[in-house]
Amino acid sequence: MKFLENFWYAAAWSSEITSAPLARRILDRPVALFRTESGRAAAFDDCCPHRMVPLSRGRVEGESLRCGYHGLRFDCSGKCVEVPGQVNIPPRAKVISYPLVERWNFAWIWMGEPAAAHPDLIPELPWLTASDWAYSHGCIVYECNYVLLLDNLIDLSHTTFVHQRTIGTEDVAKTPVKTTGDARRVLVERYMNDTEPSIMYKKAGGFTGKVDRWQKIEYTPPTSIIIDAGALPAATNDKTRGIDTRIINIITPQTPTSTFHFWAFARDFKLDDPSMTQYLADAVMITFNEDKLLIDDQQRNVDARPEQRMLDNAADAGVVLARRIVERLLAEEASRSAGTRAA
């Protein structure tokens, strides 16, 4: 399974990266994430060039990382700056250092061509730093290929059947969607007027009657899905009595059959209510774990039936467009790579 490499991926929430090196597998490559004494976050290929022990087993010393086996020490560029017991440092004593940028409370890693790693290509997630928004957040690992998780988040008609305890209502699956897209974006919109609010919306918004509800799901490559969702009391158009949320989904492939789902549920109401933050965190984790049970099993079926093609229906229009974008970008990267090798 090939991955899109020349893009930024979430390696971790910034809070996860400390002076204790963190081992992660990203795009099926081992990575060691660590934070230096000055607070700089860095990412290495998780392999010491000396005896190939994982550098995540080492320790941070000042602005460098020391291997925990024989003590070679590397600065943040990956250059070896010390070999215990000898003066000369071999030219091969270096490790790949991946570009890593902290923004929106994430640490973003670039595993493609380093020269192309422009920070302005990082997705915009202003809700995670704005003073007039609050959010719950977390990370869950699915035992599936990342494309299956993209499918799940783009087509929310399944919420009617899977998520009755939290966000699901009968109207979601019954309501037609409007799907638009171009070469780098897919937008799926669903508007449900005069409908019953979900269990989670009743708790979050205090709704006692029917609501006008919306879902706007935006996919941008490689793996960002932002869901603009909310509700107002039916037929009022009164935003002061409604709730506005953003469900932020940043998907990072771990291996061909396992995937990190970094999520945040941002809201513009009850900003200083820790009980609401906790309730929403718990509700979202219930929701995503319900997805995980199904999608992990889905992957097993996909693996067991390599000759079988999935059946698309009307609600899958956004899924189909997103998959075409991924396939086209993979072909473009392969073509550039072949051209570089030929040159």
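**Close-up 1. The β15-β16 hairpin in this predicted model.** Three residues make the link here: β15 and β16 are joined as a hairpin through 3 residues. The two strands, β15 (211-220) and β16 (224-233), run antiparallel, with 10 bridges between them. For a handy landmark, start at E218 and look across to I226, its bridge partner in β16.

**Close-up 2. β15 with its other partner, β14.** Swing over to β14, which covers residues 185-195 and runs antiparallel to β15, with 8 bridges joining the two. On this side, the pair to pick out is E189 and K216, with K216 being the bridge partner that sits in β15. So how much of β15 is buried? The strand is mostly covered, with 7 of its 10 residues buried. As a reminder of what holds such neighbours together, strands of a sheet pair through backbone hydrogen bonds, either parallel or antiparallel.

**Close-up 3. The cavity.** How many cavities of 30 Å³ or more does the structure hold? Just 1 turns up at that cut-off. The largest cavity has a volume of about 250 Å³. Of the 21 residues that line the largest cavity, L156, I167, I227, I247 and T287 are the closest to its centre. By class, the lining breaks down into 12 nonpolar, 7 polar and 2 charged residues.

**Close-up 4. Who builds the cavity wall.** Both hairpin strands show up again here: β15 and β16 are among the elements that each supply at least two residues of the lining of the largest cavity. The others on that list are β17 (243-255) and the helices α1 (146-154), α4 (199-205) and α5 (274-304). Which element gives the most to this lining? That would be α5, with 4 residues.

**Close-up 5. An open sheet of 4 strands.** Now for another part of the model, where the strands line up in the order β2-β3-β4-β9, with antiparallel pairing. Why do β2 (22-26) and β9 (97-98) each have one side left without a neighbour in the sheet? Both stand at the edges with a single partner strand apiece, so there is no sheet neighbour on the remaining side.

**Close-up 6. Inside that sheet, β3 against β4.** Strand β3 takes in residues 29-35 and strand β4 residues 41-45, and they pair in the antiparallel sense over 5 bridges. To get your bearings, find F34 and then its bridge partner in β4, A42. Worth keeping in mind while you look: in a regular strand the side chains alternate between the two faces of the sheet.

Terms used: Residues are numbered from 1 along each chain as its sequence is written. This is a predicted model: local features need pLDDT of at least 70, side-chain atom pairs count only at pLDDT 80 or more; totals for chains, interfaces and linings use all residues. Side-chain values use heavy atoms; hydrogens and water are left out. On a 1 Å grid over the protein atoms alone, a cavity is a set of points where a 1.4 Å probe fits but cannot get out, and a pocket is an open set with protein on both sides within 12 Å along at least five of seven lines; lining residues have an atom within 4 Å of a point. Grid points are joined across faces, edges and corners, and a volume is the space filled by probe spheres set on the points. Ala, Val, Leu, Ile, Met, Phe, Trp, Tyr, Cys and Pro count as nonpolar, Asp, Glu, Lys and Arg as charged, and the others, Gly among them, as polar. Two strands pair if DSSP finds at least two bridges between them. Buried means under 20% relative accessible area, exposed over 50%, partly exposed in between (1.4 Å probe, protein chains only).
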